[in-house]
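Me: I'd like to learn how to read a protein model. Could you take me through it feature by feature?

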Amino acid sequence: MEQPTSTALTDQAPADPAATEDALATQPIGYWSGLAHTVVTRHLRDAMARIDVTQPQYWVLNRVHGGPAAPTREEVVDQLTPLADGPQDISRVVDQLLHRGWLSEEGRRLGLTAEGEAARARLRELVTGLRAEVHRGISDAEYVAALKVLRTMVANIEGPRTV
């Protein structure tokens with residue numbers, strides 16, 4: 001295993017939600033990144049549930065809306081399954097949105113209906129507000145720095161990602 005090239009090694013302390021700022025460098029990234037994921041995802045999904053929508057439904061609406069050409073079900077499933085809780089989730093979501101009348105299927109291509117586009121726009125507004133709430137007190141520069149750190153940690157373990 002390659003040793004870090006920056007500063008001296010820092011011992012890792014047990015996860016401590018009450019850790020003081022001067023002790024944060026000793027905190028485990030897995031705990032804090034996992035907690036952030038859990039809390040933010042739960043907050044987003046709770047807000048969406050109050051209007052009878054799920055996060056995967058929002059993903060599908062956005063995917064069908066974006067891109068130069070209308071995607072097929074297979075393309076949507078392939079692209080979004082890595083984000084989902086299980087391998088069948090996205091296919092089920094497509095069926096739910098077809099049943100709800102928010103998606104149409106012409107040939108093999110999926111499209112948004114007028115109702116689907118209206119729902120996507122409402123959800124976009126909701127998510128934008130939730131994002132502002134989560135990011136309160138955090139500058140864009142701080143946010144970018146945090147993501148760069150996380151991306152570097154991933155690359156340190158898995159190697160650079162090609163996107």
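Here is a conversation about helices, burial, salt bridges and a surface patch.

Me: What should I know before I start?

Reply: This is a predicted model, so local features need pLDDT of at least 70 and side-chain atom pairs count only at pLDDT 80 or more, while totals for chains, interfaces and linings use all residues. Residues are numbered from 1 along each chain as its sequence is written, and side-chain values use heavy atoms, with hydrogens and water left out.

Me: How do I read a helix, and how far does H5 reach?

Reply: Start with the naming: helices (H or I, at least four residues) and strands (E, at least two) are DSSP runs, numbered from the N terminus. The expected span of a helix is 1.5 Å times one less than its number of residues. H5 covers residues 114-134, which makes 21 residues. From first C-alpha to last it reaches 30 Å, close to the 30 Å expected.

Me: Which residues of H5 are buried?

Reply: First the cut-offs: buried means under 20% relative accessible area, exposed means over 50%, and partly exposed is in between (1.4 Å probe, protein chains only). In H5 the buried ones are Gly116, Ala119, Arg120, Leu123, Val127 and Leu130. They sit on the same side of H5 because they cover an arc of only 100 degrees around the axis. That arc is taken from the directions from the helix axis to the C-beta atoms.

Me: What is on the face turned away, and what covers the buried residues?

Reply: The face turned away from the buried side carries the exposed residues Ala114, Arg122 and Glu125. As for the cover, it includes helix H1 (29-49), helix H2 (55-65) and strand S2 (109-112).

Me: How do I read the surroundings of a single residue, say Gln55?

Reply: Look for contacts, meaning heavy atoms within 4.5 Å. Gln55 lies in helix H2 and counts as buried, at 11% relative accessibility. Not counting residues up to four places away in sequence, Gln55 touches Thr41, Leu44, Arg45 and Met48.

Me: And where does Ala15 lie?

Reply: Ala15 is in the segment before H1, and at 38% relative accessibility it counts as partly exposed. Leaving aside its neighbours within four places in sequence, Ala15 is in contact with Gln27, Pro28 and Tyr31. For a sense of distance, Ala15 and Asn62 are 47 residues apart in sequence and 36 Å apart in space, C-alpha to C-alpha.

Me: What is there to notice about the phi of Asp52?

Reply: Most residues other than glycine have a negative phi. Asp52 has a positive phi of about 60 degrees although it is not a glycine. Its place is in the loop between H1 and H2, where Asp52 is exposed, with a relative accessible area of 54%.

Me: How do I spot salt bridges, and how many are there?

Reply: Side chains of opposite charge can pair when their charged atoms come close. Here a salt bridge is a side-chain nitrogen of Lys or Arg within 4 Å of a carboxyl oxygen of Asp or Glu. Searching the whole structure turns up 7 salt bridges. One of them joins the side chains of Asp52 and Arg100 (2.8 Å, N to O). That pair links distant parts of the chain, 48 residues apart: Asp52 in the loop between H1 and H2, and Arg100 in helix H4 (residues 89-100). Arg100 is partly exposed, with a relative accessible area of 30%.

Me: Which residue pairs with Arg109, and which with Arg120?

Reply: Arg109 meets Glu75 in a salt bridge (3.3 Å, N to O). This pair links distant parts of the chain too, with Arg109 in strand S2 and Glu75 in helix H3 (residues 73-80), 34 residues apart. Arg109 is partly exposed at 38%, and Glu75 counts as partly exposed at 33%.

Arg120 pairs with Glu117, the closest N and O atoms being 2.8 Å apart. Those two are 3 residues apart in helix H5, so they are separated by about one helical turn. Arg120 counts as buried at 11% relative accessibility, whereas Glu117 counts as partly exposed at 28%.

Me: Last one: which residues form the nonpolar patch on the surface?

Reply: Patches are made of residues with over 30% relative accessible area and no salt bridge; like charges are joined within 9 Å, and nonpolar side chains (Val, Leu, Ile, Met, Phe, Trp, Tyr) within 5 Å. This patch is formed by Ile29, Ile138, Tyr143, Val144, Leu147, Val149, Leu150 and Met153, with about 620 Å² of accessible area together. Accessible areas come from the Shrake-Rupley method with a 1.4 Å probe; for residues, only the protein chains shown count as cover. Helix H6 (residues 140-158) gives the most to the patch, with 6 residues. Ile138 is in the loop between H5 and H6 and is partly exposed, at 39%.
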